[in-house]
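Thanks for making time this morning. I would like to walk you through one model, and I will keep to a few local features that can be followed on the screen.

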Amino acid sequence: MVEQNDYGWWYVVGGKVDFSYTGVSNYANEYGWWYISGGKVDFGFTGKASNDYGSWFCVNGKVDFSLS
């Protein structure tokens with residue numbers, strides 16, 4: 001899941017931030033799917049990235065399904 005705290009938005013698996021993960025989150029939050037870099041949402045990323053479900057185009061870190 002993607003969770004937010006005072007230090008940013010994080011990719012959390014089993015209650016811990018997965019700092020090893022880079023790619024599109026396999027889990028959406030209420031705001032959508034996100035590009036993760038080193039366990040943290042990368043709001044500066046624009047480009048194509050993948051997860052277990054396929055490849056997606058991201059704009060400012062968020063998957064844009066209209067472009068994918």
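**Aromatic pairs and their surroundings**

In this predicted model, the count of aromatic pairs comes to 12. Let me begin with Tyr11 and Tyr21, whose ring centres are 4.4 Å apart and whose planes meet at 25°, so the pair counts as stacked, the angle being under 30 degrees. This pair links distant parts of the chain, since Tyr11 belongs to strand β2, residues 8-13, while Tyr21 sits in the loop between β3 (16-17) and β4, 10 residues apart. Tyr11 counts as buried because its relative accessibility is 3%, and Tyr21, at 16%, counts as buried too.

A second stacked pair is made by Tyr35 and Phe45, with ring centres 3.8 Å apart and planes at 20°. Here again distant parts of the chain are linked, with Tyr35 in strand β5 and Phe45 in the loop between β6 (40-41) and β7, 10 residues apart. Both Tyr35 and Phe45 are buried. Besides these pairs, there is one aromatic cluster to point out, formed by Trp9, Tyr31, Trp34 and Phe43.

While we have Tyr11 in view, please find Gly23 as well, which is placed in strand β4. Gly23 counts as buried, because its relative accessibility is 6%, and its C-alpha atom is separated by 10 Å from that of Tyr11, with the two positions 12 residues apart along the chain count.

Let me move on to the strands β7 and β8. Strand β7, residues 47-51, and strand β8, residues 54-59, pair in the antiparallel sense over five bridges, and a hairpin of two residues joins them. If you would like one position to orient yourselves, take Ala49, whose bridge partner in β8 is Trp56.

Which backbone atoms lie close to a polar atom of the Asn51 side chain, at 3.1 Å and at 2.8 Å? The distance of 3.1 Å belongs to the backbone oxygen of Ser25, and the distance of 2.8 Å belongs to the backbone nitrogen of Tyr53. Asn51 itself lies in strand β7, and with a relative accessibility of 11% it counts as buried, the cut-off being under 20%.

Another asparagine deserves a look in this context, namely Asn26, which lies in the loop between β4 and β5. Its side chain reaches the backbone nitrogen of Asp52 at 3.0 Å. Asn26 counts as buried, because its relative accessibility is 16%.

Finally, let us turn to the surface, staying for a moment in that loop. Tyr27 is placed in the loop between β4, residues 23-24, and β5, residues 35-37. Is Tyr27 buried or partly exposed? With 39% relative accessibility, Tyr27 counts as partly exposed, because that value falls between the 20% and 50% cut-offs. Together with Met1 and Val13, Tyr27 forms a nonpolar patch on the surface, and the accessible area of the three residues together is about 270 Å².

To close, I would ask you to keep two parts of this predicted model in mind: the stacked pair of Tyr11 and Tyr21, and the side chain of Asn51, with the backbone oxygen of Ser25 at 3.1 Å and the backbone nitrogen of Tyr53 at 2.8 Å.

Technical notes:
Residues are numbered from 1 along each chain as its sequence is written. This is a predicted model: local features need pLDDT of at least 70, side-chain atom pairs count only at pLDDT 80 or more; totals for chains, interfaces and linings use all residues. Side-chain values use heavy atoms; hydrogens and water are left out. Patches are made of residues with over 30% relative accessible area and no salt bridge: like charges are joined within 9 Å, nonpolar side chains (Val, Leu, Ile, Met, Phe, Trp, Tyr) within 5 Å. Accessible areas come from the Shrake-Rupley method with a 1.4 Å probe; for residues, only the protein chains shown count as cover. A salt bridge is a side-chain nitrogen of Lys or Arg within 4 Å of a carboxyl oxygen of Asp or Glu. Helices (H or I, at least four residues) and strands (E, at least two) are DSSP runs, numbered from the N terminus. Buried means under 20% relative accessible area, exposed over 50%, partly exposed in between (1.4 Å probe, protein chains only). Two strands pair if DSSP finds at least two bridges between them. Rings of Phe, Tyr and Trp (its six-membered ring) pair if their centres lie within 6.5 Å; planes under 30 degrees apart count as stacked, over 60 as edge-to-face and the rest as tilted. A polar contact is a pair of N or O atoms within 3.5 Å; within protein, one must be able to donate a hydrogen and the other to accept it, and residues adjacent in sequence count only if both atoms are side-chain atoms.
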